[in-house]
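I opened my notebook for a fresh pair of chains today. Here is what I looked up, entry by entry.

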Amino acid sequence: MQQANTSQRSVPATRKSGARLAWIGRAFLLALALFAVIVLVRSFFDNPQLFAQIVISGLQLGFVYALIALGYTMVYGIVKLINFAHGDVFMAGAFVSFFAVTRFQLHLWPAMVFPNLPPIVVTVVGSITVILLSMAVCALMAVTIERVAYKPLRTAPRIAALITAIGVSFFLEYFGALNFVFSPRFIPYQRPFDVVTWYIFDGIHQVMPGQNPPQGSITFSNIAIIIMVVSILMQLSLQFLVRRTRIGKAMRATAFDKQAAQLMGINVDRVISITFAIGSAFAGLGGVLYAIAYPSINTLLGVLPGLKAFVAAVLGGIGSIPGAFVGALIMGQAEALTAGYISTPMRDAIAFTILIVVLLVRPTGIFGEPEKEKA
Amino acid sequence: MRAFKITSLFALAAIAVSACASAGGTGGDIKVAILAPLSGPVPTFGVSTRDGALQAIDEWNAKGGINGQKIVPIVEDSQCTPDPALNAAHKVIDQDKVSFIIGEVCSKASIPISDYANSKKIIEMSPTSTATGVTVDQNGKVKDYIFRACFIDPFQGKVAAKFALGTLKAQTAFIMLDQSNDYVKGLAEAFEQAYTAAGGKVVGKENYTGKDTDFSTILAKVADAKPGLVYLPDYYNIVNLVTKQAKEKGITAPFMGGDGWDSPDLDTKAADGGYYTNHYSPEDTRPEVVNFVKAYGVKYKDDKGQPKTPDALAALAYDAGNLLFTAIKDAGSTDTTKVRDTLTKISFDGISGKITYDADHNPVKSATILHVTGGKVVFDSVVNP
């Protein structure tokens, strides 16, 4: 999944106008980056506590984007398809957990089966069940989407599959908005567990309702920690899967050359299905965590996070798993710092400016390798 | 071939002309369009508005209609968004030939509708669009055929500022607003003006966009500024997100907002301790309010089959319908110019208070302050202009 291989011929690197554009672009970017660093350093010394608070919210956002970006990048690495429906699978993940919690009280099942369990065990086991259910449903959904919408187009031009992906995305958003599916409402999300906040001030204390944390303290919540830990764990396990297991080897082979892999006896269809399933399970997981952190859901929930995770994947080098992760963290910080020190409405603009700049200056992204020509 | 085309064009033109002529005639039914955001960002507003207006129409029809003419409602989804709203207005005006429109809810959708309706001399009665620009154009000239049933943004902002300083004794305030939303901007500006004029201090003002879900950065600044009050005059979907995240950050300052908070989907646990200005309270004991609440509950049920309590949207849509129909009855005609003249001089006792119109077609009426507490929204006080 490291190499982004295509049958396209790469553009000769010595085109003059292109080179000059890139040079000007780089100089401009360097100046801009320098300016940003100065502003940030100054803001840090102005109010270090506020700065830390903003960085924490950026981390929380970045790690959620990382979960979504992994799916984008895995699928792109293998089938060279930007799966625009990915953000909507993320949305479905949030809704599945919502229904599991409100309709079926699934997060309380351990208490119903074993009434004597301590509440903390009930919460942990119940929440994990809800998350696993969401992941499973999303995986199943993605495999179905792949079979129905993408597989028939595997030999068609890439643009056809891309447009189909956009179509699937709209289908999920507006089919979900029907009253008998998810309804178009903004639904207050009921969490499987409560969010607890702590503040750091002479040690770590819990924030009590109706009580302001003291001036100069930094607050963080359990959901922020859960998002970070889960995201890092998923990243590591994915690395392990791709590098050390048979299916990972098959994935890498399929990414490198689909036809050759098939000739070597790899069941390419299965590999692709598994890739979609894993990527979408991560999106479902991200969806649940996102809804817990920002508890209001509707069917267009996945659009912006999906697009931003896509930018993150491009920034890190689409097709590269560590790239997606690093790109997502950068996106999270860029957004939070923009919101903190420029203005909140600017943060989407900055996010997509990053996309444009990356495509202009380094289209392969941070970790991406330049396209190699096939022999 | 060409000759054929030309004759067919003439034929079409003739049909169009005759269609126009027949639409102008009197007698028969009175078509009234209800433009409401049944989908889009605030669907509960749309449903309440439609139901409230239909309630008024049903009551009039049960009494034999207006001057013997039955009222026929035409409901369109205008999505609280300028383009779909304008399309819906074109549809009901050009295709269905209505002369009267009840709607839209959102100011940003009502403004384009009002411009088109006014140019066609169609009466638009917006139940709940509070922005100044709905009834008055950019040059400050009143749009002759456009009215509303609610008070306007500056008034809500003023009342909130008075309440914040007087009752809550909050000397400092933090304002959060969505710059792209006329309604939110209008309330925030009016609040800021009235609040600073009365001696309050605005310690921070932050923008966001209506699509945001993560408010942690702004709330970090709120926690840093420690204001006595946070003014957040947005719709319930944003209020739910912001107040929940604020509670988790340990922010204790009360939140205050406008009638955008008024929704069955407001998360009363998250918004606990908050206040908002509104048009009416179902707990009001005036007989017309009691009767309306009862009749509405008989007609509309919630998910669990319980009688629905009409929110302010429903009450205002009901008032808007009754205002319009009373004016048509008093004018004795469906001629929109005559109805307009009657409306400007009307004195009407509605659910949301006694309504008369000022020169800019804005009602002169009272405001209600509601308090979110213990998982419920309770009546706090009435503030007169």
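Before counting anything, I fixed my term: I call a residue buried if 20 or more other C-beta atoms lie within 10 Å of its own, with C-beta atoms placed from the backbone. I also noted that this is a predicted model.

**Burial.** I looked up chain B, and buried residues make up 54% of its 385 residues. For chain A, I found that 45% of the 375 residues count as buried.

**Secondary structure.** I went through chain B and listed eleven helices and 15 strands. Is chain B as compact as a globular protein of its length, or less so? I have its radius of gyration at 22 Å, close to the 21 Å that the globule rule gives for 385 residues, so chain B is as compact as a globular protein of that length. In chain A I listed 13 helices and five strands. I looked up its radius of gyration too: chain A has 22 Å, which agrees with the value near 21 Å for a compact globule of 375 residues.

**Dimensions.** My entry for the C-alpha trace of chain B reads about 75 × 55 × 45 Å along its principal axes. For chain A, I wrote down a box of roughly 65 × 55 × 40 Å, again along the principal axes, filled by the C-alpha atoms.

**Contacts along the sequence.** Here I kept to contacts between residues at least 6 apart in sequence. In chain B, 68% of such contacts join residues at least 24 apart. In chain A, I found that 75% of them join residues at least 24 apart.

Conventions:
Residues numbered from 1 in each chain as written. Chains lettered and ligands numbered in written order. Predicted model: local features only at pLDDT ≥ 70, side-chain atom pairs only at ≥ 80, totals over all residues. Helix = DSSP H or I, 4+ residues; strand = E, 2+ residues; numbered from the N terminus. Rg over C-alpha atoms; globule rule 2.2 N^0.38 Å. Buried ≥ 20, exposed ≤ 12 C-beta atoms within 10 Å, placed from the backbone. Contact = placed C-beta atoms within 7 Å.
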